Amino acid sequence: MKSFLDIKGVHHAYKTRNGPLPVLEGLDLEVPKGEFCAVVGPSGCGKSTLTRLVSGLMRPDRGAVVLDGQEVSSPRKTVGMAFQNPVMLEWRSIIENVILPLEIVAPRMPRAEREARAEELLSMVGLKGFENKRPSELSGGMRQRASLCRAIVHRPDVLIMDEPFGALDNFTREDLWQTMRDLRAAEPFTCVLITHDLRESVFLGDQVVVLTGRPAKTQYVLDVDLPADRTIDVLYEPKAVEMLHLLRDQIRIAQGRDGEMH
Ligand SMILES: Nc1ncnc2c1ncn2[C@@H]1O[C@H](COP(=O)(O)OP(=O)(O)OP(=O)(O)O)[C@@H](O)[C@H]1O
Ligand SMILES: [Mg+2]
């Protein structure tokens, strides 16, 4: 299938006081439209750097990030972002936080229309009735749900998430995976998810890309052929368990510790 997000031979080094620090070295990644790509790799290998390149906050030294046939060369409004600790404006209600991207991307959209769009999403993620609360009145899981709504409210070309569920307890995290699955069934956006959680990568991903240690390049790509309407139970089935073992082995190789005992 034709890819929508195409990352081709990307090299990137940070300038530091001790000279250049190569972080990405020949990274390739292809995500077809509407597909969900989960990216895993050793800590510090360059995953967050990759998100900055895809969102256009930085340009690669070499290679290209192409989105819908266009090279990404400056920050894009049509990207949605979600992070581990959602930054919410405390003086705004939840619904006012969710409509923020619309104020920037579609300033002429009537207020009622913006609110209807935000209400629709908030209700989809189980936050009906919380629209007028302040962020501090919500639990961490609820805030993350609201931040997912904010990330997709303007129907971005691509949603980039950098460990969005990392700070949540296990059960809340699994609930949010299912919320994510339901959102995608309703609005099939293209997605890049950075995660440390292999179960999360298999549950959510259409493909899982394993990066090498720093400087990172693509080490392995796993196609996850599990049903789209999967439930958490699928993770206990032999097919998923086999994938998890395989990914675990790949992470060990990426960490340069294959052969070592753990
Ligand atoms: N602005 C910067 N200037 C210099 N070095 C940086 C900068 N940002 C990141 N680095 C370095 O680049 C490397 C990759 O960082 P990055 O944050 O992309 O890794 P990561 O894979 O997201 O790590 P983690 O899994 O811990 O989140 C690290 O060694 C980091 O110290
Ligand atoms: Mg990171």
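**Strands and helices in a predicted model**

Mentor: In this predicted model, strand β4 (residues 62–67) and β5 run antiparallel and are joined by two bridges.

Trainee: What makes β4 and β5 count as a pair?

Mentor: Two strands pair if there are at least two bridges between them. β4 and β5 have two bridges, so they meet that cut-off. In one of the bridges, leucine 67 has glutamine 70 of β5 as its partner.

Trainee: Which sheet do these strands belong to?

Mentor: An open sheet of four strands, ordered β2-β1-β4-β5, with antiparallel pairing.

Trainee: Why are β2 and β5 called edge strands?

Mentor: β2 (19–32) and β5 (70–71) each pair on one side only.

Trainee: Which helix lies across β1, β2 and β4?

Mentor: Helix α1 (residues 47–54), which runs at about 120° to β1 (3–16).

Trainee: Now the helices. How do α2 and α4 pack?

Mentor: Helix α2 (residues 94–105) and helix α4 (residues 140–152) have axes 6 Å apart, at an angle of about 30°. Angles under 35 degrees count as roughly parallel, so α2 is roughly parallel to α4. Their crossing is right-handed.

Trainee: Which residues meet there?

Mentor: From α2, Ile94, Asn97, Val98 and Pro101; from α4, Ala146, Cys149 and Arg150. By kind, the contact has five nonpolar residues, one polar and one charged.

Trainee: Why is Arg150 the charged one?

Mentor: Arg counts as charged, together with Asp, Glu and Lys. Asn is not in the nonpolar or charged group, so Asn97 is the polar residue.

Notes. Residues numbered from 1 in each chain as written. Chains lettered and ligands numbered in written order. Predicted model: local features only at pLDDT ≥ 70, side-chain atom pairs only at ≥ 80, totals over all residues. Heavy atoms only, no water. Axes fitted to C-alpha atoms, helices over the stretch in contact; angles between N-to-C directions. Parallel < 35°, antiparallel > 145°, perpendicular 65-115°, else oblique. Left-handed = near helix turned anticlockwise from the far one by under 90°. Contact = heavy atoms within 4.5 Å.
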